Amino acid sequence: MGYELDPDLLLAATDVAKAYSGVPALIDGRIRLRRGSVHALCGGNGAGKSTFLNILMGLQKADSGTILAKGRVVRYGSAAEALADGVAIITQELSPVLDMTVAENIYLGREPRRGGWFVDKKKMVADAAALFARLKFDIDPRAQMRHLSVAKIQLVEIAKAISRDSDILIMDEPTSAIGEKEAATLFAAIASLREQGVGIIYVSHRLTDIFSIADDYTVFRDGRFIETGSLADIDRKRLISLIVGRDLADQQARPTTARGETMIAAEGFSRDGQFEDISVSIARGEIVGLYGLMGAGRSEFANALYGNGRKDKGTVTIEGRPVEIRSPTDALAAGIAMITEDRKETGLVLTSTVSQNVVLAALKRFARGGFVSGRREAEAVDAQIKRFRIRTASRHLLVQHLSGGNQQKVVLARCIETDPKILICDEPTRGIDEGAKREIYAFLSDFAAKGNAVLLISSEIPEILANADRIIVFRRGRIAGELPAAEASQDALVHLAS
Amino acid sequence: AGFGLVGTAAAQEARIAAVVQSLDTEFNVLWADAANRHPLVEDGTIALTVLDGRMDALQQSNQFDTAIAEGYDAIIFVPVDINAGNDPVQRAMEAGIPVIGSNTLISDTDLYESYISSNDVEAGRILAESVIEKMGGSGNVVIVEGMIGQSAQVQRLEGIEEALAANPDVTVLEQRTANWSRAEALSLVENWLISRGGEINGIIAQNDEMAIGALEAVKAAGLDPAEVPVAGVDGVTDALLAVQRGEMMSTLQDADAQAQGAIDLAMAAIEGEGYEPRAAVWDVNGGEMAWDGGQSQQYSVPWVPVTADNVEDLLAMRQNQ
Amino acid sequence: MTTELSSANPGRARRQMAADILSKYGIVLAFVILFVALSFAHQNFLSTANLTNVLRQVSINGILAIGMTYVILTGGIDLSVGSVLALCGVVAGSLVTGADPANPALAFLAGIGVGALVGAINGILIARFKVTAFVVTLGMLSMARGATLLYSDGRPIPNLSPEFRWFGQGFVMGVPVPVIVFALVFIIAFIVLRYTVYGRWIYAVGGNIKSARTSGIPTRSVIFSAYMIMGALAGLAGVILTARTTSALPQAGLGYELDAIAAVVIGGTSLVGGVGSVTYTLIGALIIGVISNGLDLLGVSSYYQQIIKGAIIVVAVLIDRSRHSNP
Amino acid sequence: MTTELSSANPGRARRQMAADILSKYGIVLAFVILFVALSFAHQNFLSTANLTNVLRQVSINGILAIGMTYVILTGGIDLSVGSVLALCGVVAGSLVTGADPANPALAFLAGIGVGALVGAINGILIARFKVTAFVVTLGMLSMARGATLLYSDGRPIPNLSPEFRWFGQGFVMGVPVPVIVFALVFIIAFIVLRYTVYGRWIYAVGGNIKSARTSGIPTRSVIFSAYMIMGALAGLAGVILTARTTSALPQAGLGYELDAIAAVVIGGTSLVGGVGSVTYTLIGALIIGVISNGLDLLGVSSYYQQIIKGAIIVVAVLIDRSRHSNP
Ligand SMILES: Nc1ncnc2c1ncn2[C@@H]1O[C@H](COP(=O)(O)OP(=O)(O)OP(=O)(O)O)[C@@H](O)[C@H]1O
Ligand SMILES: Nc1ncnc2c1ncn2[C@@H]1O[C@H](COP(=O)(O)OP(=O)(O)OP(=O)(O)O)[C@@H](O)[C@H]1O
Ligand SMILES: [Mg+2]
Ligand SMILES: [Mg+2]
């Protein structure tokens, strides 16, 4: 299959395939990336996007396929080769060196040198500071990576990739962990890179973003190439149906339900330096949204509520009875379940199987006399796999081998297996595709309607507007205000939060 | 820093450091206990500190440095290694601290003020001969060795080889280390009894611990210890008991004589002529070894073959050790 | 769901399958190769007497290695097992000697009890006070050995009652008692790890302790209990070794920690925690035991034995390596 | 960024600072306490002669521990150091004995060279063939010891030339040569880790190998080189030990791996890799050395020594624990 030597064609890949243990992850990966364009790679969870991109980058080996970069056939054996060839990636799974500083992470492997061998720390920090200034990221280059929130880690990875001055830049869900404000800064950076002739492959499940920044699209489904074209020629609805493989009905506006009696009330939660005097109560049937800018302290508060972190002050009552929650064990016993923000750090046991992860928090329900009933476990897990359309070769697959979005679904399934009456969701749709998102929203709505309570933390304003009954806004560790969803708007929220 | 938790020494008290091989092994424990039972130690005239060399020549060298810095009046030395022991002794002597050798030796014994020991080459010979004799002067033996490279292993092997050279009808089937360990020797001999089936006529073990392991293997294989003689060296309690049962042979190394004798020699070096020894081994106290006014450089404690006749006495003595 | 394509290239699929089997059972394969090679190399290797021998020799290290599997699965390590074994051995031994020996079962339980107690101390320091397992158990290695020497005055305790020695030397229907004990320990450990809630917790704690905590697992208790189980098993091994060597030896068990950890690691259990099983540990222990036995049978000299032994262990794991290699 | 809130409570801020200092320098504090206590406990402890002694005693383990820091920082471990030390010692020793001893510098370099070679073998198996470091180096522990015994025929090599012995026994301006060598090794290792690109790479590989690989760091070469450095340093330690004990001992270095690892871990370097420094390792090695020296000075009996030594190590790290405790 001959390619016309188009000088504007930065990258062309065809027939890229990859299977794990005989199960294909990618069957027919294709893309044509033009110089100075943003190319959106779309597909549902497990469609093979990350697999494809990792192959382009030399992080994984393809079983077959041809890759043409800047007119040459390439087959990168390692990321180092790809980097040397001007290809850089922001991987979906963040993997920073936590015990290093921000600047060290950014210049890892290409440290500015002095005298040949020595690291020029001053220059490194100065360069990093300049980079952040250019990108308008508010990060201290000397900060220890370990102390950053997930969002900031994501920003660092973005800055790192951009700083490589490569002409092909791959971004695998770069905005899944960051807020709207930071996303806007990123888009500005992308725009300026495009000006300079860089070609960007951009993966995101946020279609709004795609329509605002991308020029072309390519859709994968179940490992297969489906369609490619210019975004100017397609509308949102058709793109969704290409991704999902069927038509999705428009999302129903959340019905305004009557508030029942209070289910859970947190009073006066404080932790020095992180949040101060937070009181939140949720009624039966209610979904309370928690909005705030990055680092506003929402996650810290939610974790403290769940017993997964220290609090200095604060009391909790559930259905009018005071309860003492010192650990997640207490929380679960009181009927609270939580989807934590970082599925890899605090959500999943990556070395265990899908099945083991799904039942982990509710093992006692599957056990008699301490022994786990394999049959009941299998039934429950299969039901969850079906319910959330978890794309996995089997329930015995190690969860580390699932695609990012499917991992997130496993976390959700695990929480539901505990049969909670209060669900805390910290960014529950991180990396989840449009179809599955709808299912999750429907689930939350349905869950609340059964007389349960939901605390929904989200940095996606549309998500929070569409799903919460009432929205509480955090600003720098304090409650800045509260709005009924009906009266809330994008502007109102942003105004309160900043 | 004028006061100490330990060692507020009275002026007339003699301070002696004993650097021993390892207090994990029964013989060294017997040695140390015997030293502590020396009359002058018991009555407080001598402050004795036993330093555990943990079977490491470097550790012992370090302990010499510590003892020299501490200004002990004398050092008694049971070296781990025959060659590596020379240098620390020289350092101590140069610092004016007399060093008395005991039990195992260093290669340059001239460095010692004096030393008291039993000859390990001789032990090896006695050991091998006792097995060969039981075998009627011909047949196949296996040898279980101590930790390779240590002086007892090297010297006892030398003695064993001398005895074997004198008995050309005896063939060595297998020879391996069990690192002085009973458990290791047990497995080793179990395995040999399988690979060499009925061929083994005698087992020579370089110490009693390993001999007992071998003996247990022999018994577990359903063999009669009288048919497959086993012998070791040292005279540890379990070995005495086994000899008493008629199941093995052993040669007693007299820990009391070596330890208490060394203390007397150290005191003679400190106090000079006219010091009267207190240990029971000396002729002046009714024992069998010549004191000679403490002026000799070398004293040789005889090996005591453990026999059916003396084993009861030895066991009774062990009760008090 | 996505089976359509897997049949597209049968050659590749078959090769993939072979690689999968190797990756899953590589160490078993290595063991089989070793076993078959030794069967040809020495005619007595396959005799009942020798196989019984091997199993009995493996039992002490095997029991320790099973406990070690639990500890390592939680992401920890226990260096104190050799010393704890000795301590429990002298305590048990001291009860069944002299004119009026105690009931052997009592001594048996006392040995295990002391082990469990020491394990509990390790466990508290690690789980509650968050001191690194390596340091705690290294300290305990030293402390337990000191305590052993102190308790026994540095001397072996002889004259153990014959009833007690049965635990090490006896047979039940032709099978040595240590082997029976080992088999029981293995079966129980296997069932617990594989089928119980507690077993799941062990894996989860080692796999990701933060996630385990978020899932409501009492992580501290799980870690604590793993060290206590290890201690109890070290005690059990100490009792059996003592009964087998006919006296309680204060210097027993020197360096056993490395052998136990080796069995676990050769079996492929990850030192990081969360991955592994007692079955593979069993294979690991058998590999170590069979090498020693085989080289003794073949009459290989001390020097070469060490070289060959080291080389075989590395090669066995090399055969198995694909299981752990990063892609 | 969140300063508004944190400054709200100055008392807390001060306490936080104290906790930070403790967490950063906890082990230094533990060392200082130990040091001061020993100065009071024994009047000779602070004498120049004794402090020189301590440093000389620490130097062997210190050199090994510095190499071990490199290896552990990459997330690995090296159990073979004791055996490699012995091997290099006998090789170097064999060159400088007899009627026509070689140039001591040659023997010195030969010892280091053999160590580097063995380290390279470890490194290839680990970095290239992806066999677990624990298994490779455990195998090497056995193989190198066997090779040592074979080479020396199981006997010490005596009568080393006086020039060679200078490496262990000599002084330069009143400072023992081993101490000078140790200091040089420390300074170089410190500078390399702290200021060079290679040092950054070591941390990166241990901190997150995936990320290091994605950033284009030659991870294999980095891992390989760490084992080679460790091997060379084990060789260096072997040469010095041989020169110090005046004969080359085939059984030297037994169990030294645990002491070296202990120094690293007591210093707070994480066994998982990526965190730690040679400075803390130095403190760790000094703690171990000072305990041994102090207890010997005080004439504490051997059994109690083991108990106390174990306890002090645990307590020292307990003081330091806040640094590693999960929040
Ligand atoms: N090592 C592996 N073993 C088995 N299956 C794997 C492995 N790695 C990936 N897969 C499978 O490959 C498929 C494609 O995964 P990939 O990560 O490429 O999806 P994705 O399109 O990036 O999805 P997401 O939007 O959720 O990130 C998934 O079904 C996943 O389970
Ligand atoms: N381990 C830590 N050490 C120091 N600071 C931390 C640590 N963890 C979090 N923080 C800081 O605490 C603040 C609150 O973070 P938190 O994650 O609760 O914010 P958030 O409102 O959930 O925002 P988002 O999750 O969108 O980033 C942030 O500034 C974060 O950087
Ligand atoms: Mg993906
Ligand atoms: Mg958050």
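## Ligand 2: polar contacts

A polar contact is a pair of N or O atoms within 3.5 Å. In this predicted model, an oxygen atom of ligand 2 lies 2.9 Å from a polar backbone atom of A:Glu300. Another backbone contact involves A:Ala296, where a polar atom is 3.0 Å from an oxygen atom of the ligand. A:Arg298 contributes through its side chain: one of its N or O atoms is 2.6 Å from a ligand oxygen.

Taken alone, ligand 2 exposes 630 Å². The protein buries 77% of that area.

## Ligand 2: the shell

Ligand 2 sits between chains A and D. It is surrounded by 15 residues. A:Gly297, A:Arg298, A:Ser299, A:Glu300 and A:Glu341 are the closest. By type, the shell holds 4 nonpolar, 8 polar and 3 charged residues.

Helix H9 of chain A, residues 298-305, supplies the largest share of the shell, with 3 residues. Both domain 1 (3-244) and domain 2 (262-497) of chain A take part, each giving at least three residues.

## Chains C and D

A turn of 180 degrees, with a shift of 0.1 Å along the axis, lays chain C on chain D. The RMSD is 0.1 Å. That is the relation of a two-fold axis.

Which residue of chain C comes closest to the rotation axis? C:Val272 does, with its C-alpha at 3.8 Å.

Of the interface residues of chain C, 98% are also interface residues in chain D, so the copies meet through the same surface.

Technical notes:
Residues numbered from 1 in each chain as written. Chains lettered and ligands numbered in written order. Predicted model: local features only at pLDDT ≥ 70, side-chain atom pairs only at ≥ 80, totals over all residues. Heavy atoms only, no water. Least-squares fit on C-alpha atoms with pLDDT ≥ 70 in both. Contact = heavy atoms within 4.5 Å. Near = heavy atom within 4 Å. Polar contact = N/O pair within 3.5 Å; in protein donor to acceptor, adjacent residues only side chain to side chain. Areas by Shrake-Rupley, 256 points an atom, 1.4 Å probe, with all protein chains shown as cover. Helix = DSSP H or I, 4+ residues; strand = E, 2+ residues; numbered from the N terminus. Nonpolar A, V, L, I, M, F, W, Y, C, P; charged D, E, K, R; others polar. Domains from an automatic or database assignment.
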